[in-house]
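Here is my note on this structure, as numbered points. Keep the 3D view open and look up each residue as you read.

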Amino acid sequence: MRTRSAVPVLMLVLASFLAACGGAHAAASDPNKPPPPKTTVAVDSRKTVDVNLYVLSGVRRVRLGLVPGMSTRNFVIPPDLVGTSERLRFAVEVIGTLGHKTIGSERRFESEQDLPARPGDELNLTLY
């Protein structure tokens with residue numbers, strides 16, 4: 001009795017898998033489709049404490065980065081968050097000194113602000 005080798009079957013399965021992955025990659029990086037325009041936010045912090053800046057989208061909270069007290073920072077907003085609505089919500093989390101008695105790693109959300117935004121916009125946000 002003759003037994004069949006599993007090698008041809010495995011090669012066929014592997015080739016199908018690679019073709020499927022290659023097709024998905026090719027569709028995602030279509031050279032004819034221009035990349036989405038960068039949407040940025042310039043944050044001017046007039047706070048004396050450091051803060052983390054977040055973009056809120058539905059139930060998602062995406063951290064953009066740290067803004068040290070009394071400084072200005074620029075951030076690029078992830079393209080999948082821009083264009084889903086006409087406005088973007090920003091949340092500020094205080095991470096520095098919270099008062100004369102509380103110093104250290106205690107964190108709290110202080111405020112939320114929203115700004116009108118479209119892909120490619122350059123937003124300005126001032127924190128007081």
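1. Start at N52, which lies in strand β2, residues 51-57. Strands here are DSSP runs of E with at least two residues, and helices are runs of H or I with at least four; both are numbered from the N terminus. This is a predicted model: local features need pLDDT of at least 70, side-chain atom pairs count only at pLDDT 80 or more, and totals for chains, interfaces and linings use all residues. Residues are numbered from 1 along each chain as its sequence is written, and side-chain values use heavy atoms, with hydrogens and water left out.

2. Is N52 buried or exposed? N52 is buried, at a relative accessible area of 3%. Buried means under 20% relative accessible area, exposed means over 50%, and partly exposed is in between (1.4 Å probe, protein chains only). The strand around N52 is mostly covered too: six of the seven residues of β2 are buried.

3. The side chain of N52 has a polar partner. That partner is the side chain of R63, at 2.8 Å. A polar contact is a pair of N or O atoms within 3.5 Å; within protein, one must be able to donate a hydrogen and the other to accept it, and residues adjacent in sequence count only if both atoms are side-chain atoms.

4. Now look at the strands beside β2. Strand β3, residues 60-67, pairs with β2 in the antiparallel sense over seven bridges. Two strands count as paired if DSSP finds at least two bridges between them. Opposite N52 stands L66 in β3. The two strands form a hairpin with two residues between them, and G58 in the turn has a positive phi of about 65°.

5. β2 also pairs with strand β5, residues 87-94. Six bridges join the two, and they run antiparallel. One position to find is Y54, whose bridge partner in β5 is A91.

6. Another set of strands deserves its own look. Three strands form an open sheet in the order β4-β1-β7, with mixed pairing. The edge strands are β4 (72-77) and β7 (122-127), and each pairs on one side only. From one strand to the next, the twist averages 20°. The angles come from axes, which are lines fitted to C-alpha atoms (for helices over the stretch in contact), and run from 0 to 180 degrees between N-to-C directions. Strand β1, residues 39-45, runs parallel to β7, and six bridges join them. A42 stands opposite N124 in β7.

7. What fills the largest nonpolar core? The core has 22 residues, and those with the most contacts inside it are V41, L53, I77 and F90. A nonpolar core is a set of buried Ala, Val, Leu, Ile, Met, Phe, Trp, Tyr and Cys residues joined through side-chain atoms within 4.5 Å. The elements giving two or more residues to this core are β1, β2, β3, β4, β5 and β7. β5 gives the most, with four residues.

8. Take F90 as an example. Leaving aside neighbours within four places in sequence, the contacts of F90 include V41, L53, I77, L115 and L125. Contact means heavy atoms within 4.5 Å.

9. Next, the charged pairs. Side chains of opposite charge can pair when their charged atoms come close. The structure holds four salt bridges. A salt bridge is a side-chain nitrogen of Lys or Arg within 4 Å of a carboxyl oxygen of Asp or Glu. In one of them, R46 pairs with D44, and the closest N and O atoms are 3.0 Å apart. R46 is partly exposed at 46% relative accessibility, and D44 is partly exposed at 23%.

10. Two further salt bridges link separate parts of the chain. D80 and R60 meet at 3.2 Å, N to O. D80 sits in the loop between β4 and β5, while R60 is in strand β3, 20 residues apart. R89 and E112 pair with their closest N and O atoms 3.3 Å apart. R89 lies in β5 and E112 in strand β6 (residues 108-116), so this pair ties together parts that are 23 residues apart in sequence. R89 is partly exposed at 35%, whereas E112 counts as exposed at 52%.

11. Last, the whole chain. It has one helix and seven strands, in the pattern α-β-β-β-β-β-β-β. Of its 128 residues, 27% count as buried.
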